[in-house]
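Biologist: I would like to learn how to read a few features of a model. Please give the general idea each time, then the case here.

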Amino acid sequence: MTTIDIGMPVSGLRSVPHLPQEAAKQTKREFTSDQEVRWCPGCGDYVILAAVQAFLPELGLKRENIVFVSGIGCSSRFPYYLDTYGLHSIHGRAPAIATGLATSREDLSVWVVTGDGDALSIGGNHLIHALRRNVNMTILLFNNQIYGLTKGQYSPTSRVGQVTKSTPAGSVDYPFNPVSLALGAEATFVARAMESDRAELTTILKAAAEHRGTALVEIYQNCPIFNDGAFEVLKDRSQQEARIVRLRSGEHVTVGAEGDRKVLVRKGSGVMKFIPEAEAATGESGAVVAHDPTLDDPSQAFQLSRLDTPEMTHVPMGIFRQVSRPTYDDLVRDQVRAAVDTAGGPAGEAELGELLQGRDTWTVE
Amino acid sequence: MSSKTVQALDRVVIRFAGDSGDGMQLTGDRFTSDTAALGNDLSTLPNFPAEIRAPQGTLPGVSSFQLHFADHDVLTPGDAPDVLVAMNPAALKANLGDVPRGATIIVNTDEFTSRNLAKVGYTTNPVDDGTLESFHVHPVALTSITVEALAGYDGLTRKEKERAKNMFALGLLSWMYTRPTTGTEAFLTKKFGARPDILAANLAALRAGWNYGETTEDFASSFVVAPAKMPPGTYRNVTGNTALALGLVAAAHRASLPLVLGSYPITPASDILHALAALKRHGVTTLQAEDEIAGIGIALGASFGGAIGVTTTSGPGVALKSETIGLAVSLELPLIIVDVQRGGPSTGLPTKTEQADLLQAMFGRNGESPVPIIAPKTPADCFSAAMDAVRIATTYRTPVFLLSDGYLANGSEPWSVPSVEELPDLHVAFASEPNGTDPKGEPVFHPFLRDQETLARPWAVPGTPGLEHRIGGIEKADVTGNISYDPDNHDLMTRLRQAKIDGISVPDLEVDDPAGDARVLVLGWGSTYGPIAAATRVVRNSGRSVARAHLRHLNPFPANLGDVLRSYDRVVVPEMNLGQLAMLLRAEFLVDARSHTSVRGLPFSTVELADVISTTLEELS
């Protein structure tokens, strides 16, 4: 019997069978399928795959109880390379399929792998509704700001002005900020990571897996063929520290290296802005913002997500939001269980017979 | 007791017609239940607008419910009403064309005001201007008598009192046809238990209607229709949507698998969602999805996890689900797609019936994408058709189309409730261990290694150790299921998928030809069963021979279908589309099947089909 104590975080993996304590530790090798990986050389997907293959054993789950569901696109080939159960579905629909699977099988750890086109364009509806419902699953959204598999058209996260095969004069489409979108869609766990920062990515993946509900992890991922260098300013060590805002729960939100550090402040309920650390000390520009992903009100997380601009002057990375809310699948199962329990146990032949007869029968002799 | 005469009738067709807000569907439902309880055989046809409340008193707002009951077996809701209850001028005008001369018309004269008459274009009152002189008319001031009868109910507004007029009409008709009202009284008690004043008013109106018939001189006699001679058994009245929902639950029970419905509301399929949502006690899980595509995605995800995944919709929803159906064909997973067909194309006629989705079900996907199709023939038959669909889906690991329609969905008939023990056993075995070895001799699982008899692939559900596998919509290599772009493999897999569906075991087509010398065969599918059977009965009663057969399996066809078709001089195929089955028959068997088609949003009438058969017989003589 599942009961959810609101406010008490329950692990997303609680009902998934774990390996016995005494069992030998699983290895990355066991999670690697025998299929040849077919992404382009230099694709950021390789790095993410390696991180996931290396991280999954840490969860200590029975491998057969892990399912990866994907849509269509380069990233959606991901499940083929993991030796778990996998379903490579159709464009944009993975969150819907995963919803059916996660709701009907609480003993599975369900993962969705998707891209910016798959999740935010053709599958936008399923994404927002999965987040709203808070189905217990983890969505890895690989964002390379381009359509790769269809060979180089702009995506819903491409910058305005981006020249692609379908926008030779520059894109006039205003992009989504996936983190803002997810927060607006009532998501309970939203995070962003860089493909190249394996340690941080692994930390976030672990938190996402542990989250009971839908966890959305946006992963910036480089497409070396059609949008090479999209995140170069964030990878470039000389600029990285001045641009990446590392969100740490309980800590002040800062950017920049020691000595050149800026601190995020906000006056009243006004706009957040970075000011030099020394200036912040006076308090005249407003209160220093401390990050708290567990705030029930998503406003602060949303404001943090808006620090991001197409120029990538300041890009927050880390966990924006991490709150506990009853999950859709738990509630659906609870209703069925309650109905069965109230009736005194699972319906047998007699109960089926009663159902078929209904309440208004007559007999012909 | 009344001193009035009582006449015996063998059959009666009653049509209740009124404004959408007049409660005609409820009135019809209640009369039907009380009639079923008396042991008459019956068939019903609700007919209502798509608008929930069209402007009051207008033609678009007319809602009707027709009931055919008899002392013998009933095949259709009846062509023409013997009794029309018209609650307002719009109801009279909309339905008068269907009423044969000499029939009885009961009109609610209170509503025949000059304003209401003008709304539907009557310049004079048809009740007294001679329009109805060929009919037996009972003018009854239904509204005001009801209000008067409820004079003592001070807690109710006039509007609330007026609203009980449908119960007055029901009481009157119940007296006319000697129906007990105890069932309706129990129903009202349950429905209005929380509002004792409303309950009492409705019960009073019901009794007032009965008493009105008994005491007023206008109604000279009442009628009895003796119970029909039906096979022994326990009966209940069911609509097609109810029977279909019960069939799915029974199938899940007999398969010992969970039933998971992913659905998006759409007329006329939503009642299946409602019915299943109320059956959590039977372990049924229902998810109302964000759209049609998610509905089937959820169902397919559940099927991958080892449940019986079901999605319910109508034609426009099928259009949206097509890509996922194709995925299910490619994944070779069980899935039930219920299409309660309605008038199309596009939004079409949401509340009216049609059977024009056959070719969509057959071919409406990209690539070679065969899907079995099953069509129930009557409301009660939806039960076993649903069980059959689950059997085929789980045995052959394939999506299956269940093509119901608006007439079956909302129409009702008595159903001989089967005992649970006599239902088919639908148990399936999941794959539990590796079924092959790799080049090194290690055991491996081949997700596309087929059963030699059924060509079905193993159903290996997540959670089964050692069977971890990846499948998708990209073409898969035979046996291993790995991605394959190999030309010969794709050719092989395409043919295997087709051969699997072609090889599904379906029973031979049975032909009904009592004389044994018929030269004309009438072949139908789906809800045309009743009108076709009734029409052939009419023709046979006139001493002529005609054969009749009805297809339950549209894909694959029964193995003997070609031989059956070729053994008649003429094959007539009545369809509520422009000849979709006829096209398939011509393509498959090179026979000159003749279409008779109608897409009026209503079932065929017996007379119309009897005429078609007679004309065909005359052409041959």
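Biologist: What should the 12 residues of helix α1 (residues 44–55) of chain A span at 1.5 Å a residue, and how far apart are its end C-alpha atoms?

Modeller: First, this is a predicted model, in which local features need pLDDT of at least 70, side-chain atom pairs count only at pLDDT 80 or more, and totals for chains, interfaces and linings use all residues. Residues are numbered from 1 along each chain as its sequence is written, and chains are lettered from A and ligands numbered from 1 in the order in which they are written. Helices (H or I, at least four residues) and strands (E, at least two) are DSSP runs, numbered from the N terminus. The expected span of a helix is 1.5 Å times one less than its number of residues. For α1(A) that gives 16 Å, and the end C-alpha atoms are 17 Å apart, which agrees.

Biologist: Which residues of α1(A) are buried?

Modeller: A residue is buried if 20 or more other C-beta atoms, placed from the backbone, lie within 10 Å of its own, exposed if 12 or fewer, and partly exposed in between. In α1(A) the buried ones are G44(A), D45(A), I48(A), L49(A), A51(A) and V52(A). They cover an arc (of the directions from the helix axis to the C-beta atoms) of only 165°, so they sit on the same side of α1(A).

Biologist: Why can residues some places apart point the same way?

Modeller: An α-helix has 3.6 residues a turn, so residues three or four places apart point the same way. Here, the buried residues of α1(A) pack against β4 (137–143), α6 (198–210) and β6 (214–220) of chain A.

Biologist: At what angle do the axes of α12 of chain A and α9 of chain B cross?

Modeller: Axes are lines fitted to C-alpha atoms, for helices over the stretch in contact, with angles from 0 to 180 degrees between N-to-C directions. Under 35 degrees counts as roughly parallel, over 145 as roughly antiparallel, 65 to 115 as roughly perpendicular and the rest as oblique. The axes of α12(A) (residues 349–357) and α9(B) (residues 240–255) cross at roughly 170° and come within 11 Å. The two helices are therefore roughly antiparallel. Residues are in contact if their C-beta atoms, placed from the backbone, lie within 7 Å; L352(A), L355(A) and L356(A) meet L246(B), V249(B), A250(B) and H253(B).

Biologist: Is H446(B) buried or exposed?

Modeller: H446(B) counts as buried because it has 23 C-beta neighbours inside 10 Å. Its place is in the loop between β18 (443–444) and β19 (470–472) of chain B.

Technical notes
Contact = placed C-beta atoms within 7 Å.
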